[in-house]
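Here are some short exercises to work through with the model open beside you. Try each task before reading the solution under it.

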Amino acid sequence: TVKLSAPPPFRMPDRVDVRVLHPKLTRPDGKESAETRFPSFVVDGVSHVGFTFDHAWEMAPGPWTMIVSSRGDELVRKDFTVTLAPPGASNSDCGVV
């Protein structure tokens, strides 16, 4: 969650730009990328930014960085590491397969 403030006379942006730097991902169509970009809308000064790992091919272990920008200015950067569950372990964060 990113909370923005825009003291007068500035106007609050209606969205922020998100860049996710990650290990190389290969989509089912064969396209490869080490960066994913998407917008995230701002509602009442707050934007909820995330990466959902909807597909198995998105689960790339290693270093990841999430960068949130507005109007070309970097607002926040978060580095984290993705690790895979050991073989046979649950893939769910709540422990239910």
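**Exercise 1. A pair of charged side chains**

Is E32 buried or exposed? Then look at the partner of E32 in a salt bridge.

Solution. Keep in mind that this is a predicted model.
- Step 1: E32 has a relative accessible area of 52%. The cut-off for exposed is over 50%, so E32 is exposed.
- Step 2: The salt-bridge partner of E32 is K24, and their closest N and O atoms lie 3.6 Å apart. A salt bridge asks for a nitrogen within 4 Å of a carboxyl oxygen, so this pair qualifies.
- Step 3: K24 has a relative accessibility of 55%, so K24 counts as exposed too.

**Exercise 2. Arginines and their acidic partners**

Find which residue forms a salt bridge with R27 and which one forms a salt bridge with R37, then work out how accessible each residue is.

Solution.
- Step 1: R27 pairs with D29, with 2.4 Å between the closest N and O atoms.
- Step 2: R27 has a relative accessible area of 37%, so R27 is partly exposed. D29, at 48%, also counts as partly exposed.
- Step 3: R37 pairs with E35, and here the closest N and O atoms are 2.5 Å apart.
- Step 4: R37 reaches 59% relative accessibility and is therefore exposed, whereas E35 has 29% and is partly exposed.
- Step 5: The R37–E35 pair belongs to a network of salt bridges that links R19, E35 and R37.
- Step 6: Searching the whole structure gives six salt bridges.

**Exercise 3. Two residues in one strand**

Locate T81 and E74 in the secondary structure, and say what lies across from them in space.

Solution.
- Step 1: T81 sits in strand 6, which spans residues 73-82. E74 is placed in strand 6 as well.
- Step 2: T81 has a relative accessible area of 60% and is exposed. E74, with 45%, is partly exposed.
- Step 3: T81 and G62 are 19 residues apart along the chain, and 5.4 Å separates their C-alpha atoms.
- Step 4: E74 and V18 are 56 residues apart in sequence, with 9.7 Å from C-alpha to C-alpha.
- Step 5: Setting aside neighbours within four places in sequence, E74 makes contact with I67, V68 and S69.

**Exercise 4. The whole protein**

How many helices and strands are there, and how does the radius of gyration compare with that of a compact globule?

Solution.
- Step 1: The protein has zero helices and six strands. Read from the N terminus, the order is β-β-β-β-β-β.
- Step 2: For 97 residues, a compact globule would have a radius of gyration near 13 Å, but this protein has 16 Å.
- Step 3: Along the principal axes, the C-alpha atoms fill a box of roughly 55 × 30 × 20 Å.
- Step 4: Buried residues make up 27% of the 97 in the protein.
- Step 5: Among contacts with a separation of 6 or more, 46% join residues 24 or more positions apart.
- Step 6: The accessible surface is about 7000 Å², and carbon and sulfur atoms contribute 55% of that surface.
- Step 7: Finally, return to the charges. There are 11 positive and 12 negative ones, and their mean positions lie 5 Å apart.

Key: Residues numbered from 1 in each chain as written. Predicted model: local features only at pLDDT ≥ 70, side-chain atom pairs only at ≥ 80, totals over all residues. Heavy atoms only, no water. Buried < 20%, exposed > 50% of the residue type's maximum accessible area, 1.4 Å probe, protein only. Helix = DSSP H or I, 4+ residues; strand = E, 2+ residues; numbered from the N terminus. Rg over C-alpha atoms; globule rule 2.2 N^0.38 Å. Contact = heavy atoms within 4.5 Å. Areas by Shrake-Rupley, 256 points an atom, 1.4 Å probe, with all protein chains shown as cover. Lys, Arg positive; Asp, Glu negative; His and termini not counted. Charge placed at Lys NZ, Arg CZ, Asp CG, Glu CD.
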